[in-house]
Amino acid sequence: MRVLVVGAGIGGLSAAIALAQRGIEVELVEVKPVDTPLGIGLVLPANALRGLRELGVLDDCLAAGFPFDRNVFCDPDGRPLVEVPGLIGRDDGLPSLAVHRADLHQLLLAAVEKAGVTVRYGVSVSTVDSAPDAARVRLTNGRTGEYALVLGFDGVNSAMRRYVSDSPAARPRAAGYATWRVAAPRAPEIRCGTLWIPTACTRRYGSGWSGTVARSAPSSTRCPGRPASCTARSRRCCWTRGTGDGWWSPATRHTRRRRT
Ligand SMILES: Cc1cc2nc3c(=O)[nH]c(=O)nc-3n(C[C@H](O)[C@H](O)[C@H](O)COP(=O)(O)OP(=O)(O)OC[C@H]3O[C@@H](n4cnc5c(N)ncnc54)[C@H](O)[C@@H]3O)c2cc1C
């Protein structure tokens with residue numbers, strides 16, 4: 001049985017590992033020329049870790065990230081308001097994990113290689129013809145192949161989705177939410193999920209919260225070009241777009257607020 005997985009993000013890599021570990025021949029195509037995970041950090045709750053345990057990469061993930069078992073919600077000045085233990089993993093003793101996306105990708109790629117999956121970068125799918133016996137696929141590199149199954153893991157703007165449904169209801173819609181992330185060294189006093197509830201942002205942006213576990217900006221850090229009241233400790237409106245450069249980027253909420 002041959003399976004084609006389209007997209008080498010977290011989903012595609014995980015599916016490819018799981019299938020190959022069960023003796024299925026898997027090919028994986030990724031449109032980007034090399035592995036370049038977008039974004040900075042991820043918080044993986046215990047149910048995600050259960051999946052990674054199934055794939056045999058849990059210990060490596062735990063070593064690469066920052067495990068924690070509770071979240072503390074703080075007011076804008078960092079005063080703890082409430083502590084909420086994570087209960088998802090209590091039955092099997094699993095924590096939540098904050099991990100860098102690049103580290104997770106490296107682990108999953110190593111497992112993909114170990115499982116014997118063929119990965120082709122810079123390649124996508126041109127056409128899929130579904131026949132009763134197989135899916136006939138033409139790839140953008142000119143190759144053709146027959147597969148028992150084609151799995152679309154090609155992200156929110158999936159090109160494969162149209163083979164399942166082309167209805168407007170199946171297309172992604174902007175919901176008006178935005179997330180800013182920044183990676184920075186974790187302050188030693190941060191030992192668990194630590195979330196600041198920025199009241200000003202909450203009023204304007206709904207249920208906005210900010211926080212980090214794996215990495216946190218030094219408390220004295222001032223957001224460049226922002227009001228003096230805006231420090232990394234206060235976290236008022238200071239989240240930055242996760243550009244991958246690991247530090248503050250120009251497009252902060254202050255910029256956006258002035259425009260709106
Ligand atoms: C800002 C932000 C923060 C998030 N934080 C968290 C978090 O803390 N915890 C959590 O669990 N989740 C989080 N998520 C969600 C998580 O990132 C996604 O659920 C996850 O990345 C989905 O994985 P995926 O592999 O399905 O898709 P993607 O990660 O989008 O990967 C899709 C892959 O397919 C490739 N591709 C696209 N089109 C084609 C094509 N035509 N042919 C071949 N390849 C193609 C892309 O290049 C990409 O490599 C966050 C998402 C965002 C945006």
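This report walks through a predicted model of a protein with a ligand, from overall fold to one hairpin.

Local features here need pLDDT of at least 70, and side-chain atom pairs count only at pLDDT 80 or more, while totals for chains, interfaces and linings use all residues. Residues are numbered from 1 along each chain as its sequence is written.

**Overall picture.** The protein has 6 helices and 14 strands; these are DSSP runs (H or I, at least four residues; E, at least two), numbered from the N terminus. Confidence, given as pLDDT (the predictor's confidence in each residue, from 0 to 100), averages 79, with 76% of residues at 70 or more. Please take care with residues 201-260, where pLDDT stays under 50.

Of the 260 residues, 30% are buried (20 or more other C-beta atoms within 10 Å of their own, C-beta atoms being placed from the backbone).

**Around the ligand.** The ligand is surrounded by 23 residues, each with its C-beta atom, placed from the backbone, within 6 Å of the ligand. The closest are Gly7, Gly9, Gly11, Ser124 and Gly155. Three elements each supply at least two residues of this shell:

| Element | Residues |
|---|---|
| Helix H1 | 10-21 |
| Strand E2 | 25-30 |
| Strand E3 | 41-44 |

**An open hairpin.** Strand E5 (residues 70-74) pairs with E6 in the antiparallel sense over 5 bridges; pairing needs at least two bridges found by DSSP. Arginine 70 stands opposite proline 85 in E6. The two strands form a hairpin with 5 residues between them, and glycine 78 in the turn has a positive phi of about 90°. Strand E6 (residues 80-85) lies largely in the open, because 0 of its 6 residues are buried.

Definitions and conventions: A residue is buried if 20 or more other C-beta atoms lie within 10 Å of its own, exposed if 12 or fewer, and partly exposed in between; C-beta atoms are placed from the backbone. Two residues are in contact if their C-beta atoms, placed from the backbone, lie within 7 Å.
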